[in-house]
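Okay, everyone, I'll keep this short. Let me put the model up, and then we'll walk through a few spots together.

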Amino acid sequence: MVKQFLKRQKLIGRNRVTLHKWIRQYKAGGIEGLLQQKSSPGRPRTIPTWAEKALSKRLHEPQGFNGYQEIVEWLEQNLGVNSCYKTIHKLVYYRLESCPKVPRPKSSEQSQAKVEALKKTLQTT
């Protein structure tokens with residue numbers, strides 16, 4: 001019996017502990033018990049997904065924010081979500097892959113030809 005189990009283990013390509021767990025789950029709940037999706041344990045997010053979507057939408061608007069602290073204040077005032085600076089920084093920078101800063105306005109006196117020449121020299125170096 002052990003040899004048969006080892007053959008099955010090698011055939012499936014899983015550890016014996018995993019196979020024992022699957023057999024236990026099948027005996028307890030049948031095929032439904034094996035196919036049941038389990039939710040991962042852990043603490044829920046401090047910023048709900050609906051607030052995250054609203055923030056993402058607001059970040060893509062042209063006016064943007066002046067910094068992460070302004071995002072913290074905006075979330076608290078408009079959405080009623082309290083959070084700290086560090087949480088907002090992680091959310092915006094790493095999860096949403098965005099930046100709160102808006103590009104500075106360009107000078108009307110700036111020469112377009114000089115800007116293009118600078119871009120070309122930056123690309124070659």
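So, let's start at Thr-46, which sits in the loop that links α2, residues 16–35, to α3. Keep in mind that what you see is a predicted model. Is Thr-46 buried or exposed? Its relative accessibility is 51%, and the cut-off for exposed is over 50%, so Thr-46 counts as exposed.

What does Thr-46 touch, if we skip the neighbours within four places in sequence? Two residues: Val-81 and Thr-87. Look at that second one for a moment. Thr-46 and Thr-87 are 41 residues apart along the chain, and their C-alpha atoms are separated by 8.3 Å.

Both threonines also turn up in the lining of the largest pocket. That pocket holds about 200 Å³ of space. Going round the lining, you have Arg-43, Pro-44, Arg-45, Thr-46 and Ile-47, then Glu-52, and then Thr-87, Leu-91 and Arg-95. Which element gives the most to that lining? It's α5, with three residues. And if you sort the lining by class, you get four charged residues, three nonpolar and two polar.

Okay, over to α4, residues 68–79. This helix has 12 residues, and from first C-alpha to last it reaches 16 Å, close to the 16 Å you'd expect at 1.5 Å a residue. Which of its residues are buried? Tyr-68, Ile-71, Val-72, Trp-74 and Leu-75. They cover an arc of only 165 degrees around the axis, so they end up on the same side of α4. As for what they pack against, the buried residues of α4 meet α3, residues 49–59, and α5. Right after α4 comes Gly-80, and its phi is positive, near 75 degrees.

Last stop, Ser-98. You'll find Ser-98 in the loop between α5, residues 85–95, and α6, residues 112–124. Buried or exposed, this one? Ser-98 has 18% relative accessibility, and the cut-off for buried is under 20%, so Ser-98 counts as buried. Again leaving out neighbours within four places in sequence, the contacts of Ser-98 are Leu-59, Val-92 and Tyr-93.

So, to put the two loop residues side by side: Thr-46 is exposed, whereas Ser-98 is buried. That's me done, thanks.

Technical notes
Residues numbered from 1 in each chain as written. Predicted model: local features only at pLDDT ≥ 70, side-chain atom pairs only at ≥ 80, totals over all residues. Heavy atoms only, no water. Helix = DSSP H or I, 4+ residues; strand = E, 2+ residues; numbered from the N terminus. Buried < 20%, exposed > 50% of the residue type's maximum accessible area, 1.4 Å probe, protein only. Contact = heavy atoms within 4.5 Å. Expected span 1.5 Å × (residues − 1). Arc of directions from axis to C-beta. 1 Å grid on protein atoms, 1.4 Å probe; cavity = no way out; pocket = protein on both sides within 12 Å on 5 of 7 lines; lining within 4 Å. Points joined across faces, edges and corners; volume = space filled by probe spheres on them. Nonpolar A, V, L, I, M, F, W, Y, C, P; charged D, E, K, R; others polar.
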